[in-house]
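Colleague: I would like to learn how to read a model like this one, starting with burial and then going on to strands and pockets. Could you take me through it step by step?

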Amino acid sequence: MPPASGPTSWRIELPHSPSAVPLARALVRTALADLDTPAADSDTAELLTAELVANAVEHTSGVAPIELVVELLPTGCQVEVHDGDPGPPGNLESSAADQCPDPWQEHGRGLLLIRTLSSDCGHRRTDSGKAVWFTLPATH
């Protein structure tokens, strides 16, 4: 449980540009540190956050900001990336193709990383587009 006086979530707008990726990595690390609890492995949280933000920048159009939300849960943390495109982000379900990805393919491993390293992941529609999320278990 978080301390009663500490924050339990962060919500930050990021620019819709490649510069959002390193900002998101730094912000998720800071958010997890500020939550003042072993909420999750911050290295894994940074990596998966970078993948979600990079996907939002690459696969959505427009200049509307991307929103990063980091929330402390009783069992770990959840990270969401909101963008303005209501379309699904791709396949967040595990598939047989995940067992042996094409080594010559330059793209397409981000969602595999999210499915493999998170304890849960998914997406949902929002009033302004969609939110793609993952959860990580608490570290002990």
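Modeller: Let us begin with a cut-off: a residue counts as buried when its relative accessible area is under 20%, and as exposed when that area is over 50%. Please keep in mind throughout that this is a predicted model.

Colleague: With that cut-off in hand, why does E80 count as buried?

Modeller: E80 counts as buried because its relative accessibility is 8%, which falls under the 20% limit. The residue belongs to strand β3, and, leaving aside residues up to four places away in sequence, E80 touches E67, L68, V69, R124, A131, V132 and W133. Its side chain also makes a polar contact, at 2.7 Å, with the side chain of H82.

Colleague: How should I think about side chains along a strand, and in which sense do β3 and β5 pair?

Modeller: As a general idea, the side chains of a regular strand alternate between the two faces of the sheet. In this model, β3 (residues 76-83) and β5 pair in the antiparallel sense over eight bridges, and within that pairing V81 has V132 as its bridge partner. Strand β5, which spans residues 129-137, is mostly covered, with eight of its nine residues buried.

Colleague: What do β4 and β5 form, and how many residues lie between them?

Modeller: The two strands form a hairpin with two residues between them; β4 (residues 120-126) pairs with β5 in the antiparallel sense over seven bridges, and R125 stands opposite K130 of β5.

Colleague: Turning to empty space, which residues line the second largest pocket?

Modeller: The general idea is that rolling a probe the size of a water molecule over the atoms shows where empty space is left. Here the second largest pocket, with a volume of about 150 Å³, is lined by E13, A64, P65, I66, E67, H82, D83, G84, T126, S128 and K130. The elements that give two or more residues to this lining are β2 (66-73) and β3, and by character the lining divides into three nonpolar, four polar and four charged residues.

Colleague: Finally, what pattern does the protein chain follow along the sequence?

Modeller: The chain has three helices and five strands, arranged along the sequence as β-α-α-β-β-α-β-β. Of its 140 residues, 39% are buried, and among contacts with a separation of 6 or more, 66% join residues 24 or more positions apart.

Notes. Residues numbered from 1 in each chain as written. Predicted model: local features only at pLDDT ≥ 70, side-chain atom pairs only at ≥ 80, totals over all residues. Heavy atoms only, no water. Buried < 20%, exposed > 50% of the residue type's maximum accessible area, 1.4 Å probe, protein only. Helix = DSSP H or I, 4+ residues; strand = E, 2+ residues; numbered from the N terminus. Pairing = 2+ DSSP bridges. 1 Å grid on protein atoms, 1.4 Å probe; cavity = no way out; pocket = protein on both sides within 12 Å on 5 of 7 lines; lining within 4 Å. Points joined across faces, edges and corners; volume = space filled by probe spheres on them. Nonpolar A, V, L, I, M, F, W, Y, C, P; charged D, E, K, R; others polar. Polar contact = N/O pair within 3.5 Å; in protein donor to acceptor, adjacent residues only side chain to side chain. Contact = heavy atoms within 4.5 Å.
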